[in-house]
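Please read this report alongside the sequence and the coordinates. Its topics are a contact between chains and the setting of a single residue.

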Amino acid sequence: MSTHQPPMPQAPAAAPHWQAAPGGPYPGYTSPIPIVRTHLGHALASEWTKIKSVRSTMWTLGVFTVLVVGIGLMAGALVESHSDSESLSGENPLSFGFFGLLLGSICIITLGVLTTASEYGTGMIRTTMTACPSRARVLAAKSIVFFTVAFVVTLLTSGFVAMVQVSMLENTGARTPSGSDWFKATVGISLYIALLGLLSLLIGSVIRHSAGAITIMIGVLLAPLVLALFMATESLSNVRDWLFEYSIPNQLSVFYANSLSESGPSGWDPLWIILGLTAAVYAGAYALLHSRDV
Amino acid sequence: MIELEGLTKRYGDKVAVDNLTFSVGPGLVTGFLGPNGAGKSTTMRMILGLDHPTAGDVRIDGRHYDRLKDPLTCIGALLDAKGVHGGRSAYNHLLCLAQSNGIPRSRVAQVLETVGLTAVARKKAKGFSLGMGQRLGIAGALLGDPRILMFDEPVNGLDPEGIHWIRTLMKSLAAQGRTVFVSSHLMSEMALTADHLVVIGQGRLLADTSMADFIQANSRSYVRIRCPQRERLLDVLHQAGITVVEAGGEALEVAGGKAEQIGELAARYGLVLHELSPRQASLEEAFMQLTAEAVEYHAQPGPGPGPQDWGAGWKGA
C-alpha cells in the first residue's frame, strides 16, 4: 500500500471530501443510499421480475394453457358426442383432462429448464451471482418462484377443464366425482406437474445448456413408455411392466385412477415418488452449484 | 479496498493466475494491465466469488465476497457486456438487480440517465449494439452507488465519444473517494486514465507501481537530430560530453531531454540543423518489453516441462 501515492494533482484536492467520511478501517466513498442487509425476500422479488419479464415465459405458459384447455374441451366434446346415457356408467368424468396435461407438461419442462439454463447461455448467471453471492439463496429463490407460477397456472387450467368436463358429461352415466377425486385431479396433478417442472429447472442448473436439458427431460418423460411398448418378449415382461407402471404418463393417470395396470403406484404414490426424486436432485444441483465456477 | 493475497487459479496443470498479491486502494483509478490471456478476467471473477481460487485469498473491505450482505452497494462490477439476458429490457434487467439488493427502484432510472440509455430503457437488450451493451453493464455496476467499482475492458466497443465519457466517469468516481479497478490490454488507454498500475503477464505480478513512476522508469526520451554537417556536429557533441547514437539514415539520436543544449551548441558553432526533435518511446513499447521479459523468464530451462512449453507457445503466438 505504501506505493499508492496519488500522482495526479486532483487526487489530494479531492482527499478531504472522502477522508471526512466515516469509513472505519476502510475509508472511501459513503453512499447516500441506505445499506440493506439482503435476504431471501429480495432474491424472490428479483426472480419474480426476471420470470415475468421474458417472452419465453408468456409463450410456454400460453401454449400450455391452450393445450390443456383446448385438448381438454375437445376430448370432453368428443366423448360426449359419441356417448349415450349409459356409455360411461360408473366412470370418473375428470379423467379426460389427462391428455391436455400430458402434452402441456412439455411446456412446463421447457420453462423450468429455461429458468436456470438460459442464464448460462446468456451470461446473465454471472450478473445474478454477483448480485446475490449466496448460491443456495439463488437456487431457492428460482425454485420457489418457478414452482409457485407452475402450480398456480396448472391449478387454474386443470380446475377449469375439470369443471367444464364434469358438466359436459353429466348425461353419459359418469359417476359424480367425490371430493377426493376432485382434489387429486386438480391440486394433486398440479403439484405433480409443478414438481416435474422443478425437476427440469434443477436439471437445467446441472446441465447449464437449454437444449441439452430439455432433451433429457423429454426423454425422461416419454422414453420409458415408448421403450416398454416394444418389449414384446415374455422374458422382458418384468422390465416392461415396471417401465409402464413407473413411466411419467402412467403416474399422471394414477391421479385420475385410470392407470394402465392394477399393480404399480396408486393413490398419492406418484407425488411421493417425484417429491423424493426432486429432493435428491435438488441436493445434487446445489452441491454442484456451490462447488463449480460460474 | 480490494486485497489479494497469494491468489492462484489452476485449470488442470495450466496456471491461469499465479500467486498474485496486491491491493487496490480508494481514491485512485488503478489500471490492471496485461496481454490477452494474462489472467485479468479470471482474477476479477475470483474477486467477485464467481470462480473459486485454487489457493490464496481475496477480500473486499476485509471480507470475502460471499460474506457481503449488501454486495451491490459495496462493489459494482462490469464483467463483460454479455452478462444480460437478451430477451429482457434494459429497465427490467436493472430492476431485477436492484430488487435483489433492496436498492430503491428510483435508482434504475437514475443510472439509465447517467449512462445515456433512457431512450431505449424499454427495448430488449439483444437489439443493443456492443457499445450500448457496455453502457448497460456500466449502469448495473453503478446501480448500488458502490464504494468499489471494477470494470473489465470497459472501452471495448465504445465509440470515441463513449471512450471519452468512460475515462471522465472513472476519474470522477475515484475523485469521490471510491476504489476504481479497471482492466485493459491497452497501455495507451491506461496512461490516460489510471493513477496506479498493476501489470500481470501469464498470471504473474510484473509491476505494482504508480503511473508516474512507471512512465518515468519506462518511457525512454531522446532527441532526434538531422544535420548536413554531420561530422562537425559529432565532434561538437563529443566535446560537450554528449553521447550520440547513429539512428537509421542520416539521423542521430541523443538520449535524454537535451534538445535545448544541442540547439544552443549548434547555434554557437554555426551548424545547420534540419531536424531537432525531442521524442519519447511509447508506453506501449515499455509495456511490451515488460511482459516479454516475463515470457523469457518462463522460457528458461526449469524443472517442470509445463510452464516451459507454455512460455514458448505464448512467445510464438
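The report below describes a predicted model, beginning with the interface and ending with one residue.

## Extent of the interface

Chain B contributes 63 residues to its contact with chain A, which in turn contributes 48 residues. Between them the two chains bury about 4700 Å², and 60% of this area lies on carbon and sulfur atoms.

## Polar pairs and the salt bridge

Between chain B and chain A, 19 residue pairs are in polar contact, counting pairs in which both residues have pLDDT 80 or more. One salt bridge is found across the interface of chain B and chain A, and a salt bridge joins the side chains of B:K9 and A:D293, with a distance of 2.7 Å from N to O.

## The side supplied by chain B

On the side of chain B that touches chain A, at least two residues come from each of β1 (2–11), β2 (14–24), α2 (71–74), α3 (90–100), α6 (160–175) and β9 (204–210) of chain B. The largest share of that side, seven residues, is supplied by α3(B). By residue class, the side of chain B that touches chain A comprises 22 nonpolar, 22 polar and 19 charged residues.

## The setting of A:T57

In chain A, A:T57 is located in helix α3, which spans residues 55–81. A:T57 has a relative accessible area of 4% and therefore counts as buried, because the cut-off for a buried residue is under 20%. Leaving aside residues up to four places away in sequence, A:T57 touches A:I51 and A:L111.

Key:
Residues are numbered from 1 along each chain as its sequence is written. Chains are lettered from A and ligands numbered from 1 in the order in which they are written. This is a predicted model: local features need pLDDT of at least 70, side-chain atom pairs count only at pLDDT 80 or more; totals for chains, interfaces and linings use all residues. Side-chain values use heavy atoms; hydrogens and water are left out. Helices (H or I, at least four residues) and strands (E, at least two) are DSSP runs, numbered from the N terminus. Buried means under 20% relative accessible area, exposed over 50%, partly exposed in between (1.4 Å probe, protein chains only). Contact means heavy atoms within 4.5 Å. Buried area is the accessible area (1.4 Å probe) that two parts lose on being put together, summed over both. A salt bridge is a side-chain nitrogen of Lys or Arg within 4 Å of a carboxyl oxygen of Asp or Glu. A polar contact is a pair of N or O atoms within 3.5 Å; within protein, one must be able to donate a hydrogen and the other to accept it, and residues adjacent in sequence count only if both atoms are side-chain atoms. Ala, Val, Leu, Ile, Met, Phe, Trp, Tyr, Cys and Pro count as nonpolar, Asp, Glu, Lys and Arg as charged, and the others, Gly among them, as polar.
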